[in-house]
Amino acid sequence: MEQTAAEKVCTIRERIANRIGDNRYRTWFGGSTEFELDGERLGVHVPNAFVGNWISANFLSQLEEVTREVLGGEPRVHVRIHENGNQDGDGVENESKIDAGRKSGQTGDSRSSLAGRPADARPTLRGELATFVVGPSNELAFSVASAVMRNPGSSFKHLVIHGGCGLGKTHLLQGLCNGLSRARPDLQWMYLSGEEFTNEYIYALKSGRIDFFRSRFRNVDLLVLDDIHFLADKKATQEEFLHTFNAIDATGKAVVLSSDRHPRSITKLSEPLMDRLIASMVVRINAPDYATRREIITRRAAAMSCELPEDVLDFLARSISRNVRELEGALYKLAAYASLTKDPICVSLAQKVVEDYVVATRPPDAGEIELVVAKHFGVTREALHSASRDRTVTQARGMAMYLVRKHTRMSFPEIGRAMGDKQHSTVLMAVRRIQELIDRDGAVTWRTPAGMQDAPARGVLDTLEQQLVRGQDVS
């Protein structure tokens, strides 16, 4: 039996909640946001422009996807303010037909974008270098990206920016492209994600348009590829991208990439491509410090016309430290909640509203550290406790001892007893060895199913500590 319109709306609501998560669904679609279905048109009625603009900017593609899943065909999604809502400020009028090729720089059906857009089409990108908040954690990356923007292919011909999720890599890449458009409108650039490159390459092969694909990607002054790590374990796509990289390099043009980890830490990446990436200017972005976080909140709040008391600024900057994305998400949630409830913004309200974003203060214990390290290096916890001198086990054991010493109050003898009755001198030497690797930017090497892998010790430790934080969030 076919669903009624009301039942279809319920299904759409359930699927969008599953797609974006219950917390974000309750914040932006719960309460006074209403759905209305009129044939193949979904109306999303919001209480004010702030909520509508946020939904349009961040959840429109998900709304389109679930609406298409439920209705089939090519439905339209229309976001607008309630007739009795507050019309002050920028209105929301964002109707979009499900057309994957409508913005050449956004994720979509590669068949539409490849076949339908001209080779010099440029996507609409939101990031701007002028709005990027610079601090000690990202100063070098910002400086190099700015230099590439001013003169691509000159000082820094090839650039790889890497770091954890939500630290500003995409913002920098998009700001570089937007700045280049204004500074050098005569130059041709292309921006897309690793997933989009992969999809378009696959379609080009299947449709017999590989020559068009190669002409389009190789004849640019600047190729910008976000999330290069997406190419891991995709041998044919890696080979094609390597040829693209080489063709651009041969003409003296520039390639800028981003990754969530150092190129050496991207598993299942071909050796020739890895060598190419490592030969580039490789720059890391770290999590922002307190001063940078506070400045980010101040600027974002000003852009939203949201007045935050000083003590609320301090609370947010002090409590949310993992990445910029979570910091902004907490601010938007706080502003939305205050707008909907008409409550004044204060520290007690912030504590209540953004509790999901606050970093847990409980340090990991030795057992949690051992499990994370063992999984990363592909060994067992029992192997860490053994007397094995296998290189991979030794590296993993040293990392585990270093992290236990750093994140717990256990003494060297206590760590030794916990990790298989090792001598305290063994623990001391392991910790010193890891610290020396960090101090001189050395690398660690271990065995994987794909062969020997090496990566900077500092980068491996950062990855392990991020996994420890995520593990606590889940627990």
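**Entry 1: charges over rings.** I began with R209, whose charged end sits over the ring of F212, 4.6 Å from the ring centre. I then looked for another case and found K234, with its charged end over the ring of F230 and 4.2 Å from that centre. A reminder to myself: this is a predicted model.

**Entry 2: aromatic pairs.** How many aromatic pairs does the count come to? I get eleven. I opened the pair Y25 and F29: the ring centres are 5.7 Å apart and the planes stand at 20°, so I file the pair as stacked, the cut-off being under 30 degrees. Are Y25 and F29 buried or exposed? Y25 has 14% relative accessibility, so it counts as buried, given the limit of under 20%. F29 is buried too, with a relative accessible area of 0%.

Next I pulled up Y201 and F213, a tilted pair with 5.7 Å from centre to centre and 50° between the planes. Which helices hold these two rings? Y201 belongs to helix α8, residues 194–207, and F213 to helix α9, residues 210–218, so the pair ties together parts twelve residues apart in sequence. I checked burial here as well: Y201 is buried at 8% relative accessibility, and F213 is buried at 0%. Both rings belong to one aromatic cluster, made of F197, Y201, F213, F217, F241 and F245.

**Entry 3: the sheet.** I traced an open sheet of five strands, in the order β6-β7-β8-β5-β9, with parallel pairing. Which strands stand at the edges? They are β6 (189–193) and β9 (281–284); each has a single partner strand, so one side of each is left without a neighbour in the sheet. Ignoring direction, neighbouring strands are turned by 15° against each other on average.

I zoomed in on β5, residues 158–162, which runs parallel to β9 and is joined to β9 by four bridges. For L159, I noted M281 as the bridge partner in β9. Then I came back to α8, the helix that holds Y201. Helix α8 packs on the sheet, where it touches β6 and β7 (222–226), and its direction makes about 95° with that of β6.

**Entry 4: the cores.** What are the residues with the most contacts inside the largest nonpolar core? I listed W28, F29, V44, I55, L308, L316 and L334, in a core of 53 residues. So F29, my stacked ring from Entry 2, turns up again here. Helix α14, residues 324–341, gives the most to this core, with nine residues.

I picked V44 for a closer look. Leaving out residues up to four places away in sequence, V44 touches F29, T33, E34, F35, L63, V77, H78, V79 and R80. I also found a second, separate core of 35 residues, which includes I369, A430, L437 and V460.

**Entry 5: whole-chain totals.** I finished with the overall numbers. The chain has 21 helices and eleven strands. Of its 475 residues, 50% are buried. What share of the contacts with a separation of 6 or more comes from residues 24 or more positions apart? I noted 68% for the chain.

How values were computed
Residues are numbered from 1 along each chain as its sequence is written. This is a predicted model: local features need pLDDT of at least 70, side-chain atom pairs count only at pLDDT 80 or more; totals for chains, interfaces and linings use all residues. Side-chain values use heavy atoms; hydrogens and water are left out. Rings of Phe, Tyr and Trp (its six-membered ring) pair if their centres lie within 6.5 Å; planes under 30 degrees apart count as stacked, over 60 as edge-to-face and the rest as tilted. Buried means under 20% relative accessible area, exposed over 50%, partly exposed in between (1.4 Å probe, protein chains only). A charge sits over a ring if NZ of Lys or CZ of Arg is within 6 Å of the ring centre and within 35 degrees of the ring normal. Two strands pair if DSSP finds at least two bridges between them. Axes are lines fitted to C-alpha atoms, for helices over the stretch in contact, and angles run from 0 to 180 degrees between N-to-C directions. Contact means heavy atoms within 4.5 Å. A nonpolar core is a set of buried Ala, Val, Leu, Ile, Met, Phe, Trp, Tyr and Cys residues joined through side-chain atoms within 4.5 Å.
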